[in-house]
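Trainee: I'd like to go through the aromatic rings in this one. Can you show me the model?

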Amino acid sequence: MRSLGALPAWPHPRDILDYYERMTESLRVLRLHLATRPSPVVSGPFFGMTEEEIEGALCRLRDELDAQVVMSLSAGFEAVLRTDFEVRVIRRLKDGVSRAFRELAGEHGESVRLEDILDVWKAHSGQAALLGRLRQLLQFRHWLAHGRYWVQKSGVNPDPYDAWETAREVATRIP
């Protein structure tokens, strides 16, 4: 367990969503620029492509951006959950969730699984369906992070706004 000195340097989920919005606007401007150019592309990554090939490349860029941002948002949400876990354990708070977290920390030390943290929240929050959606999002992130080489079985294919909304709901409905 780390001390509660400085806050972690990881990007917060809102920063990640802001990045996503700037990047989607950049792709929109690039698409507009390429569509209104007076002559074919003469250099760069779109050199020699037809309009259809350029559109396909831009769509693939957007799909990959969506996947990367969902992965980053999900990782950011995990960081929030783990930081909350550590705060509750270190500060020895007296509520039921904090007590259950201290038991987990006692059993597993610094190797507490995220699934175990979510199980505690499920048992204490009455938000099983919402936490199930968060688990699906985290399974999707796991699939993305590990190369997408197996069949994706999370049951979801979220875009960044779906991921954001799930986490926002968790933050709103779970103390």
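Trainee: How many aromatic pairs does the count come to?

Mentor: Five aromatic pairs. Keep in mind that this is a predicted model.

Trainee: Take tyrosine 20 and tyrosine 161. Is that pair stacked or edge-to-face?

Mentor: Edge-to-face, with 5.6 Å centre to centre and 70 degrees between the planes. The cut-off for that label is over 60 degrees.

Trainee: Where do tyrosine 20 and tyrosine 161 lie?

Mentor: Tyrosine 20 is in helix α1, residues 13-35, and tyrosine 161 is in helix α6, residues 160-173. The two are 141 residues apart in sequence, so the pair ties together distant parts of the sequence.

Trainee: And tyrosine 20, buried or exposed?

Mentor: Tyrosine 20 counts as buried, because its relative accessibility is 1% and the cut-off is under 20%. Tyrosine 161 is partly exposed, with a relative accessible area of 40%.

Trainee: What about tyrosine 149 and tryptophan 150, why is that pair edge-to-face?

Mentor: Their planes are at 90 degrees, so the pair gets that label; the ring centres are 4.9 Å apart. Tyrosine 149 is exposed, at 68% relative accessible area. Tryptophan 150 counts as partly exposed, at 31%.

Trainee: Which residues form an aromatic cluster?

Mentor: Phe85, Phe101 and Trp121 form one.

Trainee: New topic, charges. What lies over the face of tryptophan 164?

Mentor: Arginine 14 does, at 5.3 Å from the ring centre.

Terms used: Residues are numbered from 1 along each chain as its sequence is written. This is a predicted model: local features need pLDDT of at least 70, side-chain atom pairs count only at pLDDT 80 or more; totals for chains, interfaces and linings use all residues. Side-chain values use heavy atoms; hydrogens and water are left out. Rings of Phe, Tyr and Trp (its six-membered ring) pair if their centres lie within 6.5 Å; planes under 30 degrees apart count as stacked, over 60 as edge-to-face and the rest as tilted. Helices (H or I, at least four residues) and strands (E, at least two) are DSSP runs, numbered from the N terminus. Buried means under 20% relative accessible area, exposed over 50%, partly exposed in between (1.4 Å probe, protein chains only). A charge sits over a ring if NZ of Lys or CZ of Arg is within 6 Å of the ring centre and within 35 degrees of the ring normal.
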